[in-house]
Amino acid sequence: MPTKVVLGAQWGDEGKAKVVDYLTMGADLVVRYQGGANAGHTVKVGDTTFVFHMIPSGIMHPGTVCVVGNGVVVDPEALLQEADELQTKGISTAGRLFISHHAHVVMPYHKLLDQLAEVGRGSDKIGTTGRGIGPCYRDKVERGQGVRVVDMLDPEHLRQRLQVVITAKNELLRRLYDHAPLEAAPIIESYLGYAERLRPYIADTSLLLNEALDQGKTVLCEGAQGTLLDIDHGTYPFVTSSNTTAGGACTGTGIGPTRIDQIIGVTKAYTTRVGNGPFPTELLDQTGERIREVGHEYGATTGRSRRCGWFDAPILRLSARINGLTSLALTRLDVLDTFPQLKLCTGYQLEDRVLNDFPLDPRALEKCVPIYEEVEGWNTPTTEVRRFGDLPAPARHYVERIAQLSRTPISLISVGPERDSTIEV
Ligand code: GDP
Ligand code: IMO
Ligand code: MG
């Protein structure tokens, strides 16, 4: 199968990176297609744990080419820091990391504007990661002040462009926030330095990817965030600013939809969310606390504690529909090993109506009460299990119910953060 997409089926942090790293064993290229350094993708190989914000999670496999696609907003500082860290661990990015000409560049004023906008929203704040994602995508869509990777190829052009844009941003900062101006010279100097270092990586990545496919190579598209954080299909306005869903893999890489063969939705065996916004199955009690503690549910980018709740099937049905999922990768089953009883949300009660589908009206969503099916826990460690048939019967039943309720087959089960803690179904 030449092109596979791996994406988040919930609100992010589903374990996409673990699944991407695992599936990279059968892939020649791995490409990120949207988002930026808001992503925190954790890969654990042996004693080494890496959290990637910018570089695709396939980089730990020495023969794999990694691509940052045009749909990504590139934070050069974060990217180069990751490349340097990899180098200290003996992993080179030279000749095997490529960045799209057309990707937009995150600037310090994007981060500042992200943070100032959040303060301005007061109690309605989104709870962004503060990585400048929204303001960078806004500049891209608005068109006047976007800076692209291609602008980094010519130092004189970059210097002039940044001078103009920083002057305009300072005016915005003054008028909107009464904020002191940013000093242009140090920003320009540091970005000229980043440009120098990024130059060898810059490429026409759509051409590179399509030529690789023509040669029979396999491409893995790595999603960031999750379906319910999608700008169009998620819980707007509590979303990110990109298309996290399957269509984003095409627009964000320049690979046509007819070349995509599999779309794998990654879902936890329960649900988590970081940041604000509705979350029908959220557990604000000791059980939620226990999931957080057992699962170490703290954000890989901001360290914030993740909100935890039961598995929500209407969310997965929405995800299956919007993404056209061909299968699910179910992660973190092991986190539920010690829970005597588990609950699966099968639908919602909205006043006198039963809803099977996730409601898209945020005000209705706020009023939805989950309808639960209670199932038996298994009280047995699963981390060492490698075959589906070796899972305890209640765990098999739990997994099968998730597949039925999501109307999607499960192709992979993860029972630990390590590469080999994986069951192929
Ligand atoms: P991503 O953003 O979707 O790549 O996920 P994160 O890296 O933000 O968070 C997932 C966390 O779960 C990481 O710490 C992973 O190492 C860990 N993880 C992934 N799969 C499993 C699993 O099956 N079991 C356990 N216990 N941890 C897992
Ligand atoms: P990965 O790829 C979980 C959330 C933020 C906030 C909202 C908007 O690791 O799964 P943004 O900074 O994008 O403007 O924030 O989206 N968010 C994530 N939540 N995992 C992520 O990435 C996220 N990236 C952004 O918490 O609610
Ligand atoms: Mg994450």
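**The main nonpolar core**

In this predicted model, the largest nonpolar core holds 67 residues, and L333 and Y398 touch the most other members. Helix α12 gives the largest share of this core, 6 residues. Domain 1 (3-101 + 200-263) and domain 3 (267-424) both contribute residues, so the core lies between them. In soluble globular proteins, nonpolar side chains tend to be buried together.

L333 has contacts beyond its sequence neighbours. Leaving out residues up to four places away, L333 touches A269, W378, T382, L391, Y398, V399, I413, S414 and V415. A second core is separate from the main one and has 54 residues, including A78, I99, A195 and V266.

**Helix α12**

Helix α12 covers residues 393-406, 14 residues in total. From its first C-alpha to its last, α12 reaches 20 Å, close to the 20 Å expected at 1.5 Å a residue. Which residues of α12 are buried? They are A395, Y398, V399, R401, I402, A403, L405 and S406. An arginine, R401, and a serine, S406, are thus on the buried list.

What do these buried residues pack against? Their partners are the strands β14 (311-312), β15 (327-331), β16 (341-350), β18 (369-376) and β19 (410-414), together with helix α10 (313-323). Just after α12 comes R407, which takes a positive phi of about 55°.

**Aromatic pairs**

The model has 5 aromatic pairs. Two of them are described here.

The ring centres of W11 and F279 are 5.3 Å apart and their planes meet at 55°, so this pair is tilted. W11 sits in the loop between β1 and α1, and F279 in the loop between β12 (271-273) and α9 (286-294). The pair links distant parts of the chain, 268 residues apart. Both W11 and F279 are buried.

W378 and Y398 have ring centres 5.7 Å apart and planes at 55°, so this pair is tilted too. W378 lies in the loop between β18 and α12, and Y398 in helix α12 itself, 20 residues apart. Both W378 and Y398 are buried. These two residues also appear among the contacts of L333.

**The magnesium site**

Which protein residues are donors to the magnesium ion (ligand 3)? They are D13, through OD, and G40, through O. The donors lie 2.1 to 2.2 Å from the ion. D13 is in the loop between β1 (3-8) and α1 (16-23), and G40 is in the loop between β2 (29-32) and β3 (41-45), so the pair ties together parts that are 27 residues apart in sequence. G40 has a relative accessible area of 12%, so it is buried.

**Domains**

The chain divides into domain 1 (3-101 + 200-263), domain 2 (104-198) and domain 3 (267-424). The C-alpha centres of domain 1 and domain 2 lie 23 Å apart. Their contact takes 28 residues from domain 1 and 24 residues from domain 2.

**H110**

H110 belongs to helix α3 (residues 108-121). Is H110 buried or exposed? At 2% relative accessibility, H110 counts as buried. Neighbours within four places in sequence aside, H110 is in contact with V105, G132, P135, C136 and D139.

**Backbone notes**

Two arginines in loops have a positive phi, as the table sets out.

| Residue | Phi | Loop | Relative accessibility |
|---|---|---|---|
| R143 | near 85° | between α4 (133-142) and α5 (155-177) | 70%, exposed |
| R332 | near 65° | between β15 and β16 | 23%, partly exposed |

R143 counts as exposed at 70% relative accessibility, since the exposed class begins over 50%. R332, at 23%, is partly exposed. Where is P237 found? P237 is in the loop between β10 (219-222) and α8 (246-251). A cis peptide bond joins Y236 to P237, with omega about 5°.

Definitions and conventions
Residues are numbered from 1 along each chain as its sequence is written. Chains are lettered from A and ligands numbered from 1 in the order in which they are written. This is a predicted model: local features need pLDDT of at least 70, side-chain atom pairs count only at pLDDT 80 or more; totals for chains, interfaces and linings use all residues. Side-chain values use heavy atoms; hydrogens and water are left out. Donors are N, O and S atoms within 2.8 Å of the metal (3.2 Å for Na, K and Ca); water is not among the atoms, so sites may look incomplete. Helices (H or I, at least four residues) and strands (E, at least two) are DSSP runs, numbered from the N terminus. Buried means under 20% relative accessible area, exposed over 50%, partly exposed in between (1.4 Å probe, protein chains only). The expected span of a helix is 1.5 Å times one less than its number of residues. Contact means heavy atoms within 4.5 Å. A nonpolar core is a set of buried Ala, Val, Leu, Ile, Met, Phe, Trp, Tyr and Cys residues joined through side-chain atoms within 4.5 Å. Domain bounds come from an automatic or database domain assignment. Rings of Phe, Tyr and Trp (its six-membered ring) pair if their centres lie within 6.5 Å; planes under 30 degrees apart count as stacked, over 60 as edge-to-face and the rest as tilted.
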